[in-house]
Amino acid sequence: MESTAMITPGLARDLAALGRLGEDTSTESVLRGLTTALATGVPNCSGASAEHWRDHRVIVSGSHSELIMLVEGERELGEGPSVEARQSGGRATVTDVLKETRWPRYDALATRWGVRSVLVVPIEVSPALLVVGLYSVRPGAFSPQGAGSLADMLTEQVGVAMANMWEFEEVRTDHAQLQEALAGRSVIDQAKGIIMQTSGCTAEAAFEELRRISQHHQVKVADLARLLVDEHQRKSARP
């Protein structure tokens, strides 16, 4: 069972729960859930971090604020296990920070935060890349055999969670755009009514007047309509 020593029932349950969606689901919430699950569910793990890379932009999360600062400091240094894993696409391990020789500046930074051993797992979740880090205050906390099984589980469970989240965000964005379009149509109709009332023109002529003024002032028709409606309401409210 050594190959699965890093996977506990609690960890498996918490990782599976990442795919459940709610109103507050976001990239940030999934990453927070992931780092919390790893920090509490992996034996000998003292904390975890996650970097979400997409379109050359990164979102960093951590079970502890010190680990966020460690990851961001590592990126500024340009050396360390997370940088190595992101560039190579393979897992990176530090068995003991005090005996590590590949990244001396990173080692000094990690020692400052009490980190002794590190395991970093890159996960391809197209079109994004997740770089997941596990940290321990003990040397030699993460076995290579267990790391392989953990990486497989992370790839499967996190991949499902991120795919569900992106699909949910797309639906939520489409809904918001539809609501915005309906609201814009409503305010345009109100503005047309105001113009028709004051000038006695038809609905078609009122819309053409709105469009002519919007083009002249280089503003959207909906924005111009909203200004007209707001001004009309202010005038109507005056004694």
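User: Let's start with contacts along the chain. Of those between residues at least 6 apart in sequence, how many join residues at least 24 apart?

Analyst: Contacts can link residues that are far apart in the sequence. In this predicted model, 60% of the contacts between residues at least 6 apart join residues at least 24 apart.

User: Which helices and strands should I look for, and in what order do the elements run?

Analyst: Begin by counting, then walk from one end to the other. Here the chain has 8 helices and 5 strands. Starting at the N terminus, the order is α-α-β-β-α-α-β-α-β-β-α-α-α.

User: How do I read the way helix 1 and helix 2 cross?

Analyst: Look at the axes and the angle between their directions; an angle over 145 degrees counts as roughly antiparallel. The axes of helix 1 (residues 9-17) and helix 2 (residues 27-41) cross at roughly 175° and come within 9 Å, so the two helices are roughly antiparallel to each other. On the helix 1 side, the contact is made by Leu11, Asp14 and Leu15, and on the helix 2 side by Leu34, Ala37, Leu38, Thr40 and Gly41.

User: And what is the arrangement of helix 7 and helix 8?

Analyst: The reading works likewise, with angles of 65 to 115 degrees counting as roughly perpendicular. Helix 7 (residues 203-217) and helix 8 (residues 221-237) have axes that cross at roughly 105° and come within 9 Å. Helix 7 and helix 8 are therefore roughly perpendicular to each other. Phe207, Leu210, Arg211, Ile213 and Ser214 of helix 7 meet Val221, Leu224, Ala225 and Leu228 of helix 8.

User: Can we try one residue? Where is Arg116 found?

Analyst: Place the residue, then check its exposure and its contacts. Arg116 lies in the loop between helix 5 (104-112) and strand 4 (117-125). Arg116 counts as partly exposed because its relative accessibility is 24%, and the partly exposed range runs from 20% to 50%. Beyond its neighbours within four places in sequence, Arg116 contacts Val94, Thr95, Asp96, Val97, Leu98, Ser136, Val137, Arg138 and Pro139. Arg116 and Ala141, 25 residues apart in sequence, have C-alpha atoms 8.6 Å apart.

User: What about rings: how many aromatic pairs does a search of the whole structure find?

Analyst: Rings can be checked against other rings and against charges. The search finds 0 aromatic pairs. The charged end of Arg86, however, sits over the ring of Trp53, 4.0 Å from the ring centre.

User: Lastly, what share of the chain is buried?

Analyst: Buried residues account for 41% of the 239 residues. The accessible surface of the chain is about 13300 Å², with 51% belonging to carbon and sulfur atoms.

Note on methods
Residues are numbered from 1 along each chain as its sequence is written. This is a predicted model: local features need pLDDT of at least 70, side-chain atom pairs count only at pLDDT 80 or more; totals for chains, interfaces and linings use all residues. Side-chain values use heavy atoms; hydrogens and water are left out. Rings of Phe, Tyr and Trp (its six-membered ring) pair if their centres lie within 6.5 Å; planes under 30 degrees apart count as stacked, over 60 as edge-to-face and the rest as tilted. A charge sits over a ring if NZ of Lys or CZ of Arg is within 6 Å of the ring centre and within 35 degrees of the ring normal. Helices (H or I, at least four residues) and strands (E, at least two) are DSSP runs, numbered from the N terminus. Buried means under 20% relative accessible area, exposed over 50%, partly exposed in between (1.4 Å probe, protein chains only). Contact means heavy atoms within 4.5 Å. Accessible areas come from the Shrake-Rupley method with a 1.4 Å probe; for residues, only the protein chains shown count as cover. Axes are lines fitted to C-alpha atoms, for helices over the stretch in contact, and angles run from 0 to 180 degrees between N-to-C directions. Angles under 35 degrees count as roughly parallel, over 145 as roughly antiparallel, 65 to 115 as roughly perpendicular and the rest as oblique.
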